[in-house]
Structures are given as C-alpha cells and as structure tokens.
Amino acid sequence: MRDNFLRKNLVTALLLAPATLWLVVFLVLPFIAIAVFSVGERAPEGGYQAAFTLAQYANLPARATAFWNTMVLAPAGALACLLVAYPVAYYLALRAPERWRLILLALVVIPFWTSLLMRTYAWMYVLGGRGIPALLAYVGIEDIRLINTPGAVLLGIVYGYLPLMILPIYVSLERLDRRLLEASADLGATPVSTFLGVTLRLSLPGVMTGFSLVMILLLGEYLIPTLLGGGKVFFIGNALVDLFLQSRNWPFGSAIAITLVLVSVVVLIAANRISTRLSGARRVDLM
C-alpha cells in the first residue's frame, strides 16, 4: 500500500513538474529579481546598483499622478465595461435564440482576432480631427476635442476589454436554473424584483470574476493611455516604461512594479472573498 502511495505521489509530481518549472522560471524568479532591484539604488550610468534601502518606496509619491489616474480610470473602466457587458451577456444567455447563440458569441470573441494595437489606432482616427470632431464641425458644432482625454481612454478600455467582461457573466447566467425565474413569477414577483432578487444575485460571482479580471489587466495597461491619452493621461504602465527604458531608474521602477503587484493581489483577495460569500449565500437561499 505504501508503495502504491509513493508511486501515485511520484506520478503526480512528474505531471506537475512542467507547470511548476514554468511558473518558477517565468513568474517567481522575475518577481524575486524585481524585489531585489526595488531595494537597490540607481547606478550613476543608469540601471541597478546593489544596496539595501527603502528610499525607492518612500519616493512613490513622485509618481502620484500615474497612480491616481490608474486607481481612478481602471475601476471606472471596469465599471463601464460591466454596465455595457451585463445586458449583452443577459441577452445572449437568456433571450437569444439558441440557433443564433454560438454565432453571437463568436461575434463577441472576433475582436480578439485583431491586434489591440490596430483596434486602438482605429479609434485614434475615429476620435481624431478627421473623425467625429470633423462630422460635428460639419453640422456647426466646433472646437470639440475627443482624442487625448480621459474620456477617450475610457472608451478605448471599454472597447478593448468588453469581451473579457461579457464571457464570465454569460457563463454565470447560462448556468442559471430557469425554474427559479418561473417560481419567482409564480409567487407574484414583478420582473424587476425577479431580476434583482434572482438573476442579478445568482450571477454576481460571474460579475465579480469579470470585474476583477478586467481591473487587474487595466492596472498594468500601457497601450491605450499612450495612444488615446496622447501622453496626457499617464497610467502606472506608462511610468514603468519611462523608468526602465528612458530614465533607466530600475530600482524606482521595480518599487512601483512591486506596489502594483500588491494592489493586484488585494483586488484578487477582495474579489475571491466576495465571490465566496455570494456563493455561500446562494447555497443557503437554494436550500
């Protein structure tokens, strides 16, 4: 029996070894390197110089604008994605004809087949001087600026990350037991009460999954603020590129990166706890 137990453990270890090695090489070791850099000093010629100091973390307020923009626009962008995605996911899961459902889902995923860079460049043209502002000027509405604004960044965020919000919500709604909706109607609940008390509540785990996924990706977003913000709307990702590639202040950039990772972990923990509580509430209600 002991030999069988050891053999099973060996097989399990061998199966997990490739994934474990991958995570160690491409996740754990780079994180350790960044953590070491973050307590070092900038070398005179740029880069990293060995030291042990927390001065880089004390200097984080120097990039307060990037942190502020990220902490405001990332949740706002995720919330905007949610407001657009939920009706779409609701229609796909509960209202769309079954014969068209896969086709509609494919249309949601198709934008991922095109590079985000190309899609963002398209929005640069649409929001630029020869796009919507030119049409508005043609009808007499002039001096309208859309590009290089926080609104343009939010629009690019919603367009770029909307499918990532739709799919988790769709999965949550698609698994919804339709008999609960019928029972709620039979008991005299209005459609609004049924939606708020049954549909929305039981789909909240999918909502939290989509929100946390989009939120975490937006915390490190670089491309959309660069192209649609025009250097006037800085995210933490833009600050990291500046510090590592231009200023060559690797320790300060590493301190910002570590802070960003910690914020992402907090978001994940909060989303996991909320989802766990919602799942527990769901089990109690169904019992």
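Buried means under 20% relative accessible area, exposed means over 50%, and partly exposed is what falls in between, with a 1.4 Å probe and protein chains only. This is a predicted model, in which local features need pLDDT of at least 70 and side-chain atom pairs count only at pLDDT 80 or more, while totals for chains, interfaces and linings use all residues. Residues are numbered from 1 along each chain as its sequence is written, and side-chain values use heavy atoms, with hydrogens and water left out.

**Exercise 1. Work out how the rings of Phe 37, Tyr 48 and Trp 250 are arranged in their aromatic cluster.**

Step 1. Rings of Phe, Tyr and Trp (its six-membered ring) pair if their centres lie within 6.5 Å, and planes under 30 degrees apart count as stacked, over 60 as edge-to-face and the rest as tilted. By this rule the model has 6 aromatic pairs.

Step 2. The ring centres of Phe 37 and Tyr 48 are 4.7 Å apart and the planes stand at 35 degrees, so this pair is tilted. Helices (H or I, at least four residues) and strands (E, at least two) are DSSP runs numbered from the N terminus; Phe 37 belongs to helix α1 (residues 2-38), and Tyr 48, 11 residues apart from it, to the loop between α1 and α2.

Step 3. With 22% relative accessibility, Phe 37 counts as partly exposed, and Tyr 48 is likewise partly exposed at 28%. The second pair joins Phe 37 to Trp 250, where the centres are 6.1 Å apart and the planes again at 35 degrees, so the pair is tilted. Because Phe 37 lies in helix α1 and Trp 250 in helix α12, this pair ties together parts that are 213 residues apart in sequence. Trp 250 is partly exposed, at 27% relative accessibility.

**Exercise 2. Locate the 2 salt bridges of the structure and describe the surroundings of each.**

Step 1. A salt bridge is a side-chain nitrogen of Lys or Arg within 4 Å of a carboxyl oxygen of Asp or Glu. Arg 63 satisfies this with Asp 242, the closest N and O atoms being 3.0 Å apart. The two partners are 179 residues apart, since Arg 63 sits in the loop between α2 (55-58) and α3, and Asp 242 in helix α11.

Step 2. Arg 63 counts as partly exposed, at 23% relative accessibility, whereas Asp 242 is listed among the buried residues of α11, together with Ile 236, Gly 237, Asn 238, Ala 239, Leu 240 and Leu 243.

Step 3. In the other bridge, Arg 179 pairs with Asp 177, the closest N and O atoms being 2.9 Å apart. Here Arg 179 is exposed at 61% relative accessibility, and Asp 177 is partly exposed at 30%.

**Exercise 3. Find which elements build the largest nonpolar core, and follow the contacts of Ile 256.**

Step 1. A nonpolar core is a set of buried Ala, Val, Leu, Ile, Met, Phe, Trp, Tyr and Cys residues joined through side-chain atoms within 4.5 Å. The largest one has 52 residues, and those with the most contacts inside it are Ile 157, Ile 169 and Ile 256. The elements that contribute two or more residues are α3 (64-95), α4 (98-109), α5 (116-127), α7 (150-174), α9 (191-219), α10 (223-229), α11 (236-246) and α12 (250-286). Of these, α3 gives the most, with 13 residues.

Step 2. Contact means heavy atoms within 4.5 Å. Leaving aside neighbours within four places in sequence, Ile 256 touches Leu 60, Arg 63, Phe 67, Ile 236, Leu 240 and Leu 243.

**Exercise 4. Determine what surrounds Gln 56 in helix α2, and whether this residue is buried or exposed.**

Step 1. Gln 56 has a relative accessible area of 11% and is therefore buried.

Step 2. A polar contact is a pair of N or O atoms within 3.5 Å; within protein, one must be able to donate a hydrogen and the other to accept it, and residues adjacent in sequence count only if both atoms are side-chain atoms. The Gln 56 side chain reaches the backbone oxygen of Gly 40 at 3.4 Å.

Step 3. Beyond neighbours within four places in sequence, the contacts of Gln 56 are Ser 38, Gly 40, Glu 41, Asn 249, Pro 251, Phe 252 and Ala 255.
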